[in-house]
Amino acid sequence: MAVATTTSNSTTQKNRYTFTALLFITLFLFAIFVFSKRALEPSLFLYKDLLPKIPSFSSSLTHSNLSLLNSTTPLKVAVDPPSPPLPCPPPPPSGTDSPSPEPEEPPTHQPISSSSETDEPTESNDGTEQDPGSGNGNPFGEMGEIGCDLYAGTWVKDEHYPLYEPRSCPYVDEAFDCQSNGRSDSEYLKWRWKPQGCDLPRFNATDFLVRLRGKKLMLVGDSMNRNQFESILCLLREGLHNKSRMREIHGHKITKGRGYFVFKFEDYDCTVEFVRSHFLVKEGVRINAQGSSNPTLSIDQIDKTAKRWKRADILVFNTGHWWSHGKTARGKSYYKEGDYLYPKFDASEAYRRALRTWANWIDHNINPSKQLVFYRGYSSAHFRGGDWDSGGSCNGEKEPVLSGAILDNYPLKMKIVDEVIKDMRIPVRLLNVTRLTNFRKDGHPSIYGKNATAGKKVSTRKQDCSHWCVPGVPDAWNELIYATLVLQKTNSKSKIS
């Protein structure tokens, strides 16, 4: 009996030991688990924002995330349409500069007055810099190739063009409204830019407006950028069911005398704006020994309109045509750095330094996580037998250039642009329209830059062979902006999937 009791006690004690050991082991393993989880949580938190997310339609419309992402994934492209193309120029050699057209508004001897740019929202321009890399990640991704060189190609006939009817758009000013001014031929309107190896997506004005929802698109530059500005207004207008829902917020009509326009698209809460800046750097005046005022250009100071640039989500810059004539080209007692006025200075070097001043401003004031920057390249002029002020003409041109040295032309200005953009810290998309405009000797206003009164013969003495008819060639520049947004977004989705 005693033996049985002893055995029973021993068994009970062993069970207690076993239970206690299992309990300790369980608690030990639980403690390890809790410690490991808490130790790993900070690391997991750091990486959670880097996990791929599938973009939604609604998220692409938020203000902080422009509807494009960069990617290097090659695109699958459409088959070329059965249309006879023009010959494509070879890659640009180290050729000479292009003809030097006059800007639409010649420089004056007074600095541009802000009085012509009324109703500007108050904003300080204290020169403070922001961290370009600040923000919650970069919605554009790394700057990469689209998978096709959109700027190497040719023009093909397309009966679906133009994208809007001549004389239908109220935002084309007289200087570019060739059909209303008496130009009777229309074949120049039937050409579409076709890159080698791929097709541009068909322009969709409504889709473009959706991508601009809640954003500001701003074109900054000379009258060539106003040429492009009027084109994009007309293109986007085609996407509106109720065209009265588009207006210039100050009630201004587009004229060459005014340097600031803001067009609001009410249904999309977006604006398309133009800011005149001939050189992107500061224009000024000096008083000479005789007491007269003379213009100057401070190539080391950004233009006074830069305070407006900061507000835009998408920026399209240009400068070039005003560097090719008059006092700017001669460079005598005109260019300044600091307080020093150069007695004589090379215009090409001044252009390079001015662009570096612009590039430095971009690098220190643009946030690539929220803003996108384009620089539109130099567009070609086609004067025959002289220049803009010496009898040059392009009247009667009805077809693009088919062959010749001009197709190979790549001006020194564009080589400087390439050099400056390559050295920038903030990514800039180059709208390299030089080669595609080399073809288009038929696209200029020529003698049709003014509306002749009934029965009066149009003067051929002074012709505009540098600007472009609208509709016309500038529509292709805006198609390339749209294509960049669409193709980069397409590449991004392809890469994520």
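In the hairpin of strands E7 and E8, in which 5 residues lie between the strands, Gly291 adopts a positive phi near 85°. Strands, like helices, are DSSP runs numbered from the N terminus (a strand, E, has at least two residues, and a helix, H or I, at least four). Strand E7 covers residues 281-287 and strand E8 residues 293-302, and the two pair in the antiparallel sense over 7 bridges, where pairing requires that DSSP finds at least two bridges between the strands. Within this hairpin, Val281 stands opposite Ile302 in E8.

The structure described here is a predicted model, in which local features need pLDDT of at least 70 and side-chain atom pairs count only at pLDDT 80 or more, whereas totals for chains, interfaces and linings use all residues. Residues are numbered from 1 along each chain as its sequence is written, and side-chain values use heavy atoms, with hydrogens and water left out.

The secondary structure of the protein chain amounts to 9 helices and 13 strands. Of its 497 residues, 50% count as buried, a term that stands for under 20% relative accessible area, with exposed meaning over 50% and partly exposed the range in between (1.4 Å probe, protein chains only). Contact here means heavy atoms within 4.5 Å, and among the contacts in the protein chain with a separation of 6 or more, 80% come from residues 24 or more positions apart. The chain exposes about 24,100 Å², of which carbon and sulfur atoms supply 55%; these areas were computed by the Shrake-Rupley method with a 1.4 Å probe.

The hairpin of E7 and E8 belongs to an open sheet of 4 strands, which has the order E7-E8-E10-E11 and mixed pairing. Its edge strands are E7 and strand E11 (340-341), each of which pairs on one side only. Strand E10 (residues 335-337) runs parallel to E8 and is joined to E8 by 2 bridges, with Tyr335 in E10 as the bridge partner of Leu297. Helix H6 packs on this sheet, touching E7, E8 and E10, and the direction of H6 makes about 50° with that of E8. Such angles run from 0 to 180 degrees between N-to-C directions, the axes being lines fitted to C-alpha atoms, for helices over the stretch in contact.

A further open sheet is formed by 7 strands in the order E4-E5-E6-E3-E9-E12-E13, again with mixed pairing. Strand E4 (246-248) and strand E13 (429-431) stand at the edges of this sheet with a single partner strand each, so one side of each is left without a neighbour in the sheet. On average, and with direction ignored, neighbouring strands of this sheet are turned by 20° against each other. Strand E12 (residues 372-376) and E13 run parallel and are joined by 3 bridges, and Arg376 has Leu431 in E13 as its bridge partner. Helix H3 packs on the sheet and touches strand E3 (216-221), E4, strand E5 (260-265), strand E6 (270-276), strand E9 (314-317), E12 and E13, its direction making about 165° with that of E6. Helix H6 (residues 347-365) also packs on this sheet, touching E9 and E12, and its direction makes about 170° with that of E12.

Within the sheet of 7 strands, E6 is largely enclosed by the rest of the structure, because 7 of its 7 residues are buried. Both faces of E6 are covered, with Cys270, Val272, Phe274 and Arg276 buried on one side and Thr271, Glu273 and Val275 buried on the other. E3 and E6 run parallel and are joined by 6 bridges, and Met218 stands opposite Glu273 in E6. E5 and E6, in contrast, run antiparallel, also joined by 6 bridges, and the bridge partner of Phe265 in E6 is Cys270. These two strands form a hairpin with 4 residues between them, and Asp269 in the turn has a positive phi of about 50°.

Helix H3 (residues 223-237) is likewise largely enclosed by the rest of the structure, since 15 of its 15 residues are buried. At 1.5 Å a residue, the 15 residues of H3 should span 21 Å, which agrees with the 21 Å between its end C-alpha atoms; the expected span is 1.5 Å times one less than the number of residues. The N-terminal end of H3 is capped by Asp222, a side-chain oxygen of which lies 2.9 Å from the backbone nitrogen of Met224.

Notes: A polar contact is a pair of N or O atoms within 3.5 Å; within protein, one must be able to donate a hydrogen and the other to accept it, and residues adjacent in sequence count only if both atoms are side-chain atoms.
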